[in-house]
Every structure is written in structure tokens, then in C-alpha cells.
Amino acid sequence: MYFSNTIIVTLSLLAPLICSTPIDLEARTCPTTIIRDPSFESGTTPPTSGGNAWTVVGFLGSSSYSLTQPGSPNGGKYAFTASVYPGPYSPDSGEELRQTLSTCAGKNYSITADFKFNQTANNACFVRLQYPFKTGVGSVTTYSATPGLTPNVWSTTGSFFQAVGTSSLLQFFLQCGNRERNFISVDNVKVKEFAGNAY
């Protein structure tokens, strides 16, 4: 009887400890790799469809794109550069660079990216960072003549979002209007979880 009582007492003492220990199942299932080839260091020029990381959509004018050297100081050897050139029938031109991120619903993420313009004399060109926001999209747009920007000098843009699913579309629009031409580069794209609330 004494042995039986000892077992009961021991389990009753341990039970609160077992029940009070939380198990974070979500942390085990969230992807460890959120973004692929963030600084284009694979040296692989993004395709126009079916890319393993980045994909490019040429949607306006006669623009083209390539990986160029060097990248930003924090990026590495390569950067993505759009040669933005108007077509014969439209004053607008540009490229869209996109990647589907691996995310966890409800998690908050920060996004930063380095960018630069070849020329900043007019305000007809821009870099637009577009990301999920609630059930729609949010964006941050930086124009080429924004005070403080210098031709061929890297700057940084960024924002935050809260994922609503396991995949989130990240887009960069590199575009000009008014028949302007420019070389617009992006590099060192970082997407990380953060403890704040993006909403």
C-alpha cells in the first residue's frame, strides 16, 4: 500500500508540470527558408516563367534585364538590373521581378531591399516594392528624383506584412513613364520574421 501511495503522490506532483509546458507546434512547421536567391548569387538570370526562385514579367515597352556586377555593398557579386526602354507605341516601360515566398499564416515579416537608378534627373521612373497586406496588397514606391537619391548609389527600401497563408507573392516593379530611359537595379532582398505587428 505504501508503494502504491508513493506512485500516486509522485504523478500528482508531476501532472501540473507536464500540463503547464506549452508545445509550439507552429514553430516546427514554419519554413526555415523564406526567400530563395535573395542576392542573385546563384548567377542564374531569372527566367520569364517557371523559375525556382525569381521570375521576370516583361510587361511594358521594349525593356530588357540581366544580372550585373557589382551588386550592392551588402548584396554581393550580382544585382538584378532592368534596362527600361520605351517601345514605339507606349510612353511607359518596365519589368516586374517576382518571387513566391514560403511563409506561415499569422506570422509578421519585414522586407528590405537595396536599389539604385542610373539617373535621377527626372521623376518619371520608380521602384515599387509590392507585398501582401491583409487580403489585398500593400506597396512602397520610390521615384527616381526623390530627394537624397544619387545616380548609381545604392539606397534601401522596405516595409512589413503579416502572412495570411503558406505562400506570399513579393513583387518589384521597375518602371518609367514619359518615354524616359533608365537602368534600375535591385539587390540584397531580405525577408525575416519580426516580433512586431504588421497591422
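Cys30 and Cys104 form a disulfide, with 2.1 Å between their sulfur atoms. The model is a predicted one, and the geometry described here is computed from it. The link of Cys30 and Cys104 is left-handed, with -120° about the S-S bond. Cys30 lies in the loop between α2 (25–29) and β1 (55–60), while Cys104 lies in the loop between β4 (93–102) and β5 (108–117), so the bond ties together parts that are 74 residues apart in sequence. With a relative accessible area of 11%, Cys30 falls under the 20% limit and is therefore buried. Cys104 has a relative accessible area of 8% and is buried as well.

The structure holds two disulfides. A disulfide is a covalent bond between the sulfur atoms of two cysteines. The other pair is Cys125 and Cys176, whose sulfur atoms are 2.0 Å apart. The torsion about the S-S bond of Cys125 and Cys176 is about 105°, so this disulfide is right-handed. Here, too, distant parts of the chain are linked: Cys125 belongs to strand β6 and Cys176 to strand β9, 51 residues apart. Both Cys125 and Cys176 are buried. When the bonded cysteines of the protein chain are numbered in sequence order, the pairing reads 1-2, 3-4.

The strand that carries Cys125 can be followed further. Strand β6 covers residues 125–133 and is mostly covered, as seven of its nine residues are buried. Strands of a sheet pair through backbone hydrogen bonds, either parallel or antiparallel. β6 runs antiparallel to strand β9 (residues 167–176), and six bridges join the two. Within this pairing, Gln130 has Gln171 in β9 as its bridge partner.

β6 also pairs with strand β7 (residues 136–143), again in the antiparallel sense, over eight bridges. In that pairing the bridge partner of Val127 is Thr142 in β7. What do β6 and β7 form, and how many residues lie between them? The two strands make a hairpin with two residues between them. Lys134, in the turn, has a positive phi of about 55°.

Strand β5, which follows the loop of Cys104, belongs to an open sheet. Five strands make up this sheet in the order β2-β3-β10-β5-β8, with antiparallel pairing. Which strands stand at the edges? They are β2 (64–68) and β8 (155–162); each has a single partner strand, so one side of each is left without a neighbour in the sheet. On average, neighbouring strands of this sheet are turned by 25° against each other, direction ignored. The edge strand β8 pairs with β5 in the antiparallel sense over eight bridges. Along this pairing, Phe115 stands opposite Ser155 in β8.

The last topic is the aromatic side chains. A pair of aromatic rings is described by the distance of the centres and the angle of the planes. With ring centres required to lie within 6.5 Å, the count comes to eight aromatic pairs. Ring pairs join Phe40, Trp54, Tyr65, Phe80 and Phe172 into a cluster. Of the residues in this cluster, Tyr65 can be placed in the edge strand β2 (64–68), and Phe172 in strand β9 (residues 167–176).

Definitions and conventions. Residues numbered from 1 in each chain as written. Predicted model: local features only at pLDDT ≥ 70, side-chain atom pairs only at ≥ 80, totals over all residues. Heavy atoms only, no water. Buried < 20%, exposed > 50% of the residue type's maximum accessible area, 1.4 Å probe, protein only. Helix = DSSP H or I, 4+ residues; strand = E, 2+ residues; numbered from the N terminus. Pairing = 2+ DSSP bridges. Disulfide = S-S within 2.5 Å. Phe/Tyr/Trp six-rings, centres within 6.5 Å; stacked < 30°, edge-to-face > 60°. Axes fitted to C-alpha atoms, helices over the stretch in contact; angles between N-to-C directions.
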